[in-house]
Amino acid sequence: MRRSDKEINSQRLILKILEEAEVCRIALCEHGKPYIVPMNFGFVDKTLYLHSATSGRKIEIIAKNNNVCFQMDIKTQLVTAENPCNWGMRYLSVIGSGQAQLINDQQDKMEALDIIMSKYSEKSFEYSPEALDSIMVIKVEIEEITGKKSGY
């Protein structure tokens, strides 16, 4: 990282960002062109779980190239100044990468959905076989992750 003063070295703070972030942006690449998508997600044991439709551009790209980069941030706040060149943002963020796997097994989907839903709700849920057939779960085992902060 070019700005070592902004690097987050605390694994506990990186974990906090993963737990508190509400949106995970995943970046994919097809024919040398990047494609980024914001997604709902869950996180446990160095693994991201992402909820998706069963088809579409994201699924097509992953089927051809399962390399994924992801980004999350929390505590973002605009910083203003008299001089517009001194404006900036306060934030805590992570960027990581891994290999995406498409989860088709219904039991694995249920377990992944429970992880995702526990991030956004304290309720427990049941999933019908029809509902499970209508969605895809993307599993990303994190291979690399770094954190960056500004203003904190």
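## Strand β2, its partners and two positive-phi residues

β2 is joined to strand β6 (residues 67-79) by three bridges, and the two run antiparallel. Here I26 stands opposite F70 in β6. This is a predicted model, in which local features need pLDDT of at least 70 and side-chain atom pairs count only at pLDDT 80 or more, while totals for chains, interfaces and linings use all residues. Residues are numbered from 1 along each chain as its sequence is written, and side-chain values use heavy atoms, with hydrogens and water left out.

Strands (E, at least two residues) are DSSP runs, numbered from the N terminus, and two strands pair if DSSP finds at least two bridges between them. β2 also runs antiparallel to β3, with seven bridges joining them; L28 has Y35 of β3 as its bridge partner.

Now look along β2 itself. C24, I26, L28 and E30 point to one face and are buried, whereas R25, A27 and C29 point to the other face and are not. Buried means under 20% relative accessible area, exposed over 50%, and partly exposed in between (1.4 Å probe, protein chains only). In a regular strand, side chains alternate between the two faces of the sheet.

Next come the loops. β2 and β3 form a hairpin with two residues between them, and H31 lies in the turn. Most residues other than glycine have a negative phi. The table shows two residues with positive values.

| Residue | Loop | Phi | Relative accessible area |
|---|---|---|---|
| H31 | between β2 (24-30) and β3 (33-39) | near 55° | 72%, exposed |
| K46 | between β4 (41-44) and β5 (47-53) | near 60° | 62%, exposed |

Methods: Helix = DSSP H or I, 4+ residues; strand = E, 2+ residues; numbered from the N terminus.
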